[in-house]
Amino acid sequence: MLKEKRAPDIEKTLAKYPSRRSAVMPLLYIAQEEYGYCDDSAIREVAEILGLDPTEVKSIVGFYTMFYEEPTGQYVIDVCDDLPCALRGADEFVSHCERKLGVKAGQTTPDGKFTLRTVMCIAACDRAPVAQVNTEYRYALTPESFDQMIDELRERDGK
Amino acid sequence: MDKHVLLRDLDAPNIRELAVYEANDGYAAWRRALTDMKPEEVVAVVKDSGLRGRGGAGFPAGLKWSFIPRDIFPKYVVVNGDESEAGTFKDHQLLDNNPHQVIEGTALCAYAVQANTAYIYLRGEFLEPSRTLQKAIDEAYAAGLLGRNILGTGYNLDIHIHLGAGAYICGEETALLSSLEGQLGQPRLRPPFPAVQGLYAKPTVINNVETLANVPPIVLNGAQWYRQFGTEKSPGTKIFCVSGRVNKPGNYELPLGQHTIRELIEMAGGTINNRPVKGVLPAGSSAPILPASALDTKLDYESMQAAGSLLGSASFVILDDTVDIVWAARKMVRFFKHESCGKCTPCREGTHWAMNLYDKIISGKGSLHDVDMLAEVANSMAGKCFCLLGEFATSPILSTLKHFRPEYEKWVSESGALAGA
């Protein structure tokens, strides 16, 4: 249970706000760190800690793109294909990512390693094409540097 | 401008570290304000400087602060670091490379309105910048610049970071407050304005990251010093984000009103392969596109408005003659369709139908009737939504139709003839 396992983090978070409800997003991030995604039982745990109805917490999960309602790959790769990046080749770059991983954007590789998604502007248009891997920036990507990154991530975990 | 006022990492590398920041006048304004200035004097100098909000709306910051009622407690300062407008990446650089100036500006704002708590709301994708910022906040606490009884003056201030989770709408100030309160990130009706009833229904100042980064040098050097940059109505310097079809995309800090769009593109290395400019989006997807005939427009709030667009967040996306305008407009409409929060029917449905029309036109099945329908959909959204998102969503449609209608007609000329037959 989060309440026990992450007690210090939860206490620290709650102390930041005069209203418990404000902690809903930070607590969902904690739940996601623990479980990988925010399923109904995670949502119920967060709701119980905050004294909210699980339905309310679920609506928050559904509203934002960074809370996952279903399991993802070990690495979530978010590639921006919004206009500023697309003016610097992001559409072609996304096609390359799809070919390299053998999945379409929005899908997860069969080994559960990578989820590829396209996202709206992530505020790094000066270093396009740009992606985030588990929310860490990878700037000025090329097909070659992407392939290298994927190979390294595969190797890192001995697969 | 011999030195940067905001992008000071370009003059003083490692200014993200407290020691380097302090060696470059860092926290000098904060020390002076706390020991030598009354809160209302801080408000007055920011008001006199004419600093306008850098998040997009351009509202005078000092005036905003002066709306905060003196006798209601607690009060809050909320910093808008949701930076999600396509083409905008200035706050990103400030947070990564000059975080103490953002913290000092936040602290000065809090002292000016006598708030004891500030929240810095960063978009969820700014996880790495949030770590840099948190490290700087921790340094400031350790140095006694934040926390309880700061510098022995009896003034207390806590600054907390709050991460969003991927929603453009949360950059709208009332949606941001809702999100921070743990509600859905949807806009609220104004009035009441946040200055009267903001976070937790208490008086709240909301300012953009870049706006607050301007405050320490203003308090340190005075309003007249700040006004040496810029124009009377647009004082100071501004960070211009340049992206798209240029050789050196990046952030360029310039005095407002001194340079033209053409010069800005030259600073950004000119266009790729020296292609002619076709159009410029001065504020990402949210402000009307300007055609190449407007390239000599000066870079300030009033000139951009006179030219038929807006300075907004000054995120200049440059399109050259290789760019298909209908393709670009579709990308922008797709953005708004994705980011519509769903609260208002005209925006939620309008962006959906506009997107369908773009898909139809681009798949070669469109007709002139569809082109006219795009304008009709946009006009059915304009002025009918709760917040500006619905308004912004019409701008790529209507402004590209206004300046580049022949490109739409070209797309539908063959298919249109078939559909009409």
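Which residue of S2(A) does A:Asp78 stand opposite? I began my notes with this pairing, and I found that A:Asp78 stands opposite A:Arg117 in S2(A). Before going further I noted that I am reading a predicted model, which scores ipTM 0.97 and pTM 0.96.

**Entry 1: the sheet of chain A**

I followed the pair outward to its strands, and saw that S1(A) and S2(A) pair in the parallel sense over six bridges. These two belong to an open sheet of four strands, in the order S2-S1-S3-S4 (chain A), and I recorded the pairing of the sheet as mixed. I marked strand S2 (114-119) and S4 of chain A as the edge strands, each of which pairs on one side only. From one strand to the next I noted a twist that averages 25°.

At the other pairing I looked up, strand S3 (residues 131-133) of chain A runs antiparallel to S4(A), and three bridges join the two. Here I wrote down that A:Ala131 stands opposite A:Arg138 in S4(A). I then turned to what lies on the sheet, and found helix H7 (residues 90-101) of chain A packing on it, where the helix touches strand S1 (75-80) and S2 of chain A. The direction of this helix makes about 165° with that of S2(A).

Why do I call S2(A) largely enclosed by the rest of the structure? I do so because five of the six residues of S2(A) are buried.

**Entry 2: chain A as a whole**

I stepped back to the whole of chain A, whose secondary structure comes to eight helices and four strands. Reading from the N terminus, I listed its elements as α-α-α-α-α-β-α-α-β-β-β-α. The chain is divided into domain 1 (2-63) and domain 2 (75-156), and I noted that the C-alpha centres of these two domains of chain A lie 29 Å apart.

For the overall extent, I recorded that the C-alpha atoms of chain A fill a box of roughly 50 × 35 × 25 Å along the principal axes. Of the 159 residues in chain A, buried ones make up 41%. I also looked at the contacts in chain A with a separation of 6 or more, and found that residues 24 or more positions apart account for 56% of them.

**Entry 3: where chain A touches chain B**

How many residues does each chain bring to the contact? I noted 32 residues from chain A and 39 residues from chain B. On the side of chain A, at least two residues each are supplied by helix H3 (24-35), helix H5 (54-63), helix H6 (83-86) and strand S4 (136-138) of chain A. I sorted the residues of that side of chain A into 21 nonpolar, six polar and five charged.

**Entry 4: the domains of chain B**

I checked the confidence of chain B before reading it, and found a mean pLDDT of 95, with 98% of its residues at 70 or more. Chain B is divided into domain 1 (8-227), domain 2 (237-320) and domain 3 (325-420). Taken over C-alpha atoms, 27 Å separate the centres of domain 1 of chain B and domain 2 of chain B. The contact between these two takes 13 residues from domain 1 of chain B and 16 residues from domain 2 of chain B. On the domain 1 side of this contact in chain B, I counted two nonpolar, six polar and five charged residues.

**Entry 5: B:Cys241 and helix H5 of chain B**

Is B:Cys241 buried or exposed? I recorded B:Cys241 as buried, because 29 other C-beta atoms lie within 10 Å, where 20 or more are needed for that label. The residue is found in strand S5 (residues 237-244) of chain B. Leaving aside neighbours within four places in sequence, I listed its contacts, among them B:Phe89, B:Lys90, B:Asn251 and B:Phe316.

One of these contacts, B:Lys90, led me to H5(B), where B:Lys90, B:Asp91, B:His92, B:Gln93, B:Leu94 and B:Leu95 are buried. Six of the eight residues of helix H5 (residues 90-97) of chain B are buried, so I noted this helix as largely enclosed by the rest of the structure. Its buried residues pack against several elements of chain B, including strand S1 (76-81), helix H6 (99-113), helix H7 (127-142) and S5.

Notes
Residues are numbered from 1 along each chain as its sequence is written. Chains are lettered from A and ligands numbered from 1 in the order in which they are written. This is a predicted model: local features need pLDDT of at least 70, side-chain atom pairs count only at pLDDT 80 or more; totals for chains, interfaces and linings use all residues. Domain bounds come from an automatic or database domain assignment. Two residues are in contact if their C-beta atoms, placed from the backbone, lie within 7 Å. Ala, Val, Leu, Ile, Met, Phe, Trp, Tyr, Cys and Pro count as nonpolar, Asp, Glu, Lys and Arg as charged, and the others, Gly among them, as polar. A residue is buried if 20 or more other C-beta atoms lie within 10 Å of its own, exposed if 12 or fewer, and partly exposed in between; C-beta atoms are placed from the backbone. Two strands pair if DSSP finds at least two bridges between them. Axes are lines fitted to C-alpha atoms, for helices over the stretch in contact, and angles run from 0 to 180 degrees between N-to-C directions. pLDDT is the predictor's confidence in each residue, from 0 to 100.
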